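Subject: Structure for your review

Dear colleague,

Please find below the structure that I am handing over to you. My notes on what was found in it follow directly after.

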Amino acid sequence: MRTPRARTAAAACVLLALSAPAAAANSGTGTGTGNIVVAPAVTTRDEPVTVTVHAASCRTGSASSPAFGETRLTPQADGAGGHATPAVAPDVAPGSYDITVTCDDGRSVTRTAAFTVINGAVRGGDGPAPSEGTSTADLVIGGLMVASALIGGGVLWLRGEGREDRPAA
């Protein structure tokens, strides 16, 4: 049997191996001005995205993408880089889009497939957007669930009713 230390070490190795591709995906390519982070990673047309550059040497400059054009970076308060909040164009096609950040000193970095534009609505990434109101199907399903719970509880209550009178076996 493995010891707790061996299991902990194995779990740490698995987590490290799983996080390496994610770290590499955020590093961008180019002349090393730092990481480009986009939130949300999946968005729709006409919605804003937040572009953040984590590089103290790139507090000002511009971020550009075919999805939103060019926008100026604003320095972050902590001095660790710049950020912008451009809106995705209303006529952009669904798909993945690159972002290129050009610092005022001329250096640039590109992150390929930085974010994805989809058709429809995004509501927190938890599935499709809710519809307006309650449908008939929702009411029927809810009613059946309540009825099942009541019937099941009633059966259990009736089965346990005479147990106090029975002799112990």
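**Findings**

Among the contacts in the protein with a separation of 6 or more, 54% are between residues 24 or more positions apart. Please keep in mind that this is a predicted model.

**Overall make-up**

The protein contains 2 helices and 10 strands. Along the sequence, these elements follow the pattern α-β-β-β-β-β-β-β-β-β-β-α. Of the 169 residues, 20% are buried. The accessible surface amounts to about 11100 Å², and carbon and sulfur atoms account for 60% of that surface.

**An open sheet**

One sheet is open and has 4 strands in the order E2-E4-E8-E7, with antiparallel pairing. Which strands lie at its edges? They are E2 and strand E7 (74–75), each of which pairs on one side only. As general background, strands of a sheet pair through backbone hydrogen bonds, either parallel or antiparallel.

Within this sheet, E2 and E4 are joined in the antiparallel sense over 5 bridges. In that pairing, Val37 stands opposite Thr52 in E4. E4 also pairs with strand E8 (residues 81–84), again in the antiparallel sense, over 4 bridges. Here Thr52 stands opposite His83 in E8. Thr52 is therefore a useful residue to locate when you trace the sheet, with Val37 opposite Thr52 and His83 opposite Thr52 as well.

**The nonpolar core**

The largest nonpolar core has 22 residues, and those with the most contacts inside it are Ile99, Val101 and Phe115. Two or more residues of this core come from each of strand E2 (35–39), strand E4 (50–54), strand E9 (95–103) and strand E10 (108–118). In soluble globular proteins, nonpolar side chains tend to be buried together.

**Aromatic residues**

How many aromatic pairs does the structure hold? There are 2. In one pair, the ring centres of Phe68 and Phe115 are 6.2 Å apart and the planes stand at 20°, so the pair is stacked. The cut-off behind this reasoning is that planes under 30 degrees apart count as stacked.

Phe68 lies in the loop between strand E5 (61–65) and strand E6 (69–72), whereas Phe115 lies in strand E10, so the pair ties together parts that are 47 residues apart in sequence. Both Phe68 and Phe115 are buried. Together with Tyr97, Phe68 and Phe115 form one aromatic cluster.

**A buried loop residue**

Val92 is found in the loop between E8 and E9. Is Val92 buried or exposed? Its relative accessibility is 6%, so Val92 counts as buried; the cut-off for buried is under 20%.

Leaving aside residues up to four places away in sequence, Val92 touches Arg45, Pro66, Ala67, Tyr97 and Val117. Val92 and Pro66 are 26 residues apart in sequence, and their C-alpha atoms are 8.2 Å apart in space. Tyr97, one of the residues that Val92 touches, is also part of the aromatic cluster with Phe68 and Phe115.

Yours sincerely,

A colleague

How values were computed
Residues are numbered from 1 along each chain as its sequence is written. This is a predicted model: local features need pLDDT of at least 70, side-chain atom pairs count only at pLDDT 80 or more; totals for chains, interfaces and linings use all residues. Side-chain values use heavy atoms; hydrogens and water are left out. A nonpolar core is a set of buried Ala, Val, Leu, Ile, Met, Phe, Trp, Tyr and Cys residues joined through side-chain atoms within 4.5 Å. Buried means under 20% relative accessible area, exposed over 50%, partly exposed in between (1.4 Å probe, protein chains only). Rings of Phe, Tyr and Trp (its six-membered ring) pair if their centres lie within 6.5 Å; planes under 30 degrees apart count as stacked, over 60 as edge-to-face and the rest as tilted. Two strands pair if DSSP finds at least two bridges between them. Contact means heavy atoms within 4.5 Å. Accessible areas come from the Shrake-Rupley method with a 1.4 Å probe; for residues, only the protein chains shown count as cover.
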